Amino acid sequence: MKTLKRTLNINYKYRYKNIIKIGRTHTMDAVPLALGQEFSGYVSQLEHNIQKLEHSLDHLSELPIGGTVVGTGLNAPKTFDVIVCKKIAEFTGLPFKPAKNKFEGISTRDAIVSASGALKSTAVSLFHIANNIRFLASGPRCSIGEINLPANEPGSSMMPGKVNPTQAEALTMVCAQVIGNDVSINIRGMNGYLQLNTIMPMINR
């Protein structure tokens, strides 16, 4: 994501800043803008989504280990949570730590729901960007054709010179899957009852 942001950033700041094109609203011609300005909107989308994803990591790093059955820590040694989280952090190289509130950590999956929401938001933005790219490249002779896509898989069974936006199409399929996963995770997240969320296997899948 950060690599994509850097690439788009270079394009809008240097390569495309002086290329003037028509802006469109409702898919109809509106007023002019620079291609670089159009791409700056994509960069801003990615920046906001990166922030959302990074913000979700802190809650995800909290483990309710040591809360035992309902979060009280019954029958667990006093420093069990600290010791185990430290071992897991050392083994994975990730900053896992004891949950601030083990009752919340055991009975809900809010951290995963929040992270999934950030992924969903990112998928929506990437879907939007991919759609715009293939729309601007459509044609090219009998449609918009404002940008040229690299001929990664040139030609088709009937049209040798045709260049399909296959990378953009592949991206939209991945985005659709992420958006669908988010709906499923939300439903599972709300199905925790009282002191335990019993739908964890599906969420963790």
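Here is a walk through this structure, one region at a time.

Keep in mind that this is a predicted model, where local features need pLDDT of at least 70 and side-chain atom pairs count only at pLDDT 80 or more, while totals for chains, interfaces and linings use all residues. Residues are numbered from 1 along each chain as its sequence is written, and side-chain values use heavy atoms, with hydrogens and water left out.

Let's start with helix α3, which runs over residues 80-92. (Helices, H or I with at least four residues, and strands, E with at least two, are DSSP runs numbered from the N terminus.) The 13 residues of α3 reach 18 Å from first C-alpha to last, close to the 18 Å expected at 1.5 Å a residue; that expected span is 1.5 Å times one less than the number of residues. Which residues of α3 are buried? They are Asp81, Cys85 and Ala89, where buried means under 20% relative accessible area, exposed over 50%, and partly exposed in between, with a 1.4 Å probe and protein chains only. These residues sit on the same side of α3 because they cover an arc of only 60° around the axis, an arc taken from the directions from the helix axis to the C-beta atoms. Their cover includes β3 (62-63), β4 (97-98) and α4 (102-107). Turn to the face pointing away from the buried side and you'll meet the exposed Lys86, Lys87, Glu90 and Phe91. Just after α3 comes Gly93, with a positive phi of about 75°.

Helix α4 is home to Glu104, which counts as partly exposed at 24% relative accessibility. If you leave aside neighbours within four places in sequence, Glu104 is in contact (heavy atoms within 4.5 Å) with His59 and Asp110.

Now for some backbone angles. Most residues other than glycine have a negative phi. His26 has a positive one, near 60°, and is found in the loop between β1 (20-25) and β2 (28-34). His26 is exposed, with a relative accessible area of 76%. Leu194 also isn't a glycine, yet its phi is positive at about 55°. You'll find Leu194 in the loop between α6 and α7, and at 74% relative accessibility Leu194 counts as exposed.

How many salt bridges does the structure hold? There are nine, each one a side-chain nitrogen of Lys or Arg within 4 Å of a carboxyl oxygen of Asp or Glu. Take Glu38 and Lys21, whose closest N and O atoms are 2.8 Å apart. This pair links distant parts of the chain, with Glu38 in helix α2 (residues 35-60) and Lys21 in strand β1, 17 residues apart. Both Glu38 and Lys21 are buried.

Another bridge joins Asp58 to Lys97, at 2.6 Å between the closest N and O atoms. Here helix α2 is linked with strand β4 across 39 residues of chain. Asp58 is partly exposed at 39% relative accessibility, and Lys97 is partly exposed at 27%.

A third example pairs Asp182 with Lys120, the closest N and O atoms being 3.3 Å apart. Asp182 lies in helix α6 and Lys120 in helix α5 (residues 110-136), 62 residues apart. Asp182 is buried at 3% relative accessible area, whereas Lys120 is partly exposed at 28%. Finally, salt bridges that share partners join Lys21, Arg24, Asp29, Glu38 and Glu146 into one network.
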